[in-house]
Amino acid sequence: MHKDATRGRTEVSDHDQLLVIVDPVARRNDGESVRIAKDVLSAGAEAKICLPDGPEEFCRALARRGSRRPVVLGDDRALLRTVALLHRERELAEGALSFVPIGAPDDLEVARALGVPRSTPTAARTVLHGVVRRFDLLVDDSDGVVLGDLLVPGLPDLVPAAPSVWGTCRSLVRTLVRPAPAALAVRTHRLRVEADGVLLADVDAPVEGLSVRSTGGAAEVTVHPSAAPPRHATARTLTVSGPDFRYRADGRITGPVRRRTWTVRAGAWGLVLPRDAA
């Protein structure tokens, strides 16, 4: 790879040696796309093909890549696993990752949002002739990583008022006369949200949700109170705490947890993309 000073981007080298790691799920579900990607990559570079049988072999192959540039064939889970592994080994900054998406559209939302071509031949050619774009990374206090969107979705309020006998009777009558639609149930969290130490919400004021996205070296935070306009903030560190809550990061649900802190790492990792996309 070499730096193009006129455009501030890193060009991939035609002489790069590649380690092509094929995720076992991709190999099992779409062998034809895997074959096409392997043919394109092998025709354009010196490529060592690795076919791990599971996550442990996947990790060992990545750790033993040496000076070869890693190329992953698979879905979002394979991409996330690779970035998380390189982050834990503190090797994200040493080079760039290439990715050829293989899987169902719903399993490739993160890759699409990052700008990776959906077509297998186009993505494979991008590995050979693309440029590196640096992305921010959200890192939490358990060393987990988030590439794209982080959401704390609202859940039904789990702290209702203590029922009375008369209240129970009225509820029974309402249910018999006209059942209440479930969609109208109030969905809230009772959370404390701090952005760089600034309090955006506290547990005494329910919120319907929280969304976070890192861009430009900072996190764009939006809190949605249940009875007030949204609150926006930009921060390097975000802390969410309160009763047990779950959150959705890159399409995956994590939790329940009672406290989590995320920190933005600016330009922490590089991904090879088409020249016009970078």
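# Pockets, pairs and buried residues

Modeller: The largest pocket has a volume of about 730 Å³. The model is predicted.

Colleague: Which residues lie nearest the centre of the largest pocket?

Modeller: V110, A113, G148, D149 and D250 do. They belong to a lining of 27 residues. Four elements give two or more residues to that lining: α4 (76-88), α5 (109-114), β7 (131-140) and β14 (207-215).

Colleague: How many residues of each class line the largest pocket?

Modeller: The lining has 15 charged, seven nonpolar and five polar residues. D149 and D250 lie nearest the centre, and Asp counts as charged. G148 is another of the residues nearest the centre, and Gly counts as polar.

Colleague: And which residues are closest to the centre of the second largest pocket?

Modeller: The second largest pocket has a volume of about 280 Å³. R69, P70, E94, G95 and A96 are the closest to its centre, out of 18 lining residues. Strands β5 (69-74), β6 (96-101) and β18 (252-273) each supply at least two residues of this lining. By class, the lining has seven nonpolar, five polar and six charged residues.

Colleague: Now the charged pairs. What makes D149 and R213 a salt bridge?

Modeller: Distance and atom type. The closest approach is 2.6 Å, N to O. The cut-off is within 4 Å, from a side-chain nitrogen of Lys or Arg to a carboxyl oxygen of Asp or Glu, so the pair qualifies. Side chains of opposite charge can pair when their charged atoms come close.

Colleague: Which parts of the chain does the pair of D149 and R213 tie together?

Modeller: D149 sits in the loop between β8 and β9 (150-153), while R213 is in strand β14. These parts are 64 residues apart in sequence.

Colleague: Why are D149 and R213 called partly exposed?

Modeller: D149 has a relative accessible area of 35%. R213 has 41%. Buried means under 20% and exposed means over 50%, so both values fall in between.

Colleague: How do you know that D143 and R90 form a salt bridge?

Modeller: Their closest N and O atoms are 3.5 Å apart. That is within 4 Å, so the pair counts. The pair links distant parts of the chain, 53 residues apart. D143 is in the loop between β7 and β8 (145-146), and R90 is in the loop between α4 and β6.

Colleague: Are D143 and R90 buried, partly exposed or exposed?

Modeller: D143 has 24% relative accessibility, so it is partly exposed. R90 has 51%, which is over 50%, so R90 counts as exposed. R90 also has a positive phi of about 55°, although it is not a glycine.

Colleague: What is phi of D196?

Modeller: Phi of D196 is near 50°, a positive value in a residue other than glycine. D196 is in the loop between β12 (192-195) and β13 (198-201). Its relative accessible area is 45%, so D196 is partly exposed.

Colleague: What makes D75 and R77 a salt bridge?

Modeller: Their side chains meet at 2.7 Å, N to O. The limit is within 4 Å, so the pair passes. D75 has a relative accessible area of 4%, so it is buried. R77 has 48%, so it is partly exposed.

Colleague: How many salt bridges does the structure hold?

Modeller: The structure holds 13. E32, R35 and D39 are joined into one network by salt bridges that share partners.

Colleague: Why does D140 have no salt bridge?

Modeller: The nearest side chain of opposite charge is R260, 4.4 Å away. A salt bridge needs atoms within 4 Å, so D140 and R260 miss the cut-off. D140 is buried, and lies in strand β7.

Colleague: What does the side chain of D140 make with the side chain of S142?

Modeller: The two side chains make a polar contact at 2.7 Å. The side chain of D140 also reaches the backbone nitrogen of G144 at 2.8 Å. Both distances are within the 3.5 Å limit for a polar contact.

Colleague: Last pair. Why is T261 called buried, and H232 exposed?

Modeller: T261 has a relative accessible area of 15%, under the 20% limit, so T261 is buried. H232 has 60%, over the 50% limit, so H232 is exposed. T261 is in strand β18, and H232 is in strand β16 (residues 231-235).

Definitions and conventions:
Residues are numbered from 1 along each chain as its sequence is written. This is a predicted model: local features need pLDDT of at least 70, side-chain atom pairs count only at pLDDT 80 or more; totals for chains, interfaces and linings use all residues. Side-chain values use heavy atoms; hydrogens and water are left out. On a 1 Å grid over the protein atoms alone, a cavity is a set of points where a 1.4 Å probe fits but cannot get out, and a pocket is an open set with protein on both sides within 12 Å along at least five of seven lines; lining residues have an atom within 4 Å of a point. Grid points are joined across faces, edges and corners, and a volume is the space filled by probe spheres set on the points. Buried means under 20% relative accessible area, exposed over 50%, partly exposed in between (1.4 Å probe, protein chains only). Lys and Arg count as positive and Asp and Glu as negative; His and the chain ends are not counted. A polar contact is a pair of N or O atoms within 3.5 Å; within protein, one must be able to donate a hydrogen and the other to accept it, and residues adjacent in sequence count only if both atoms are side-chain atoms.
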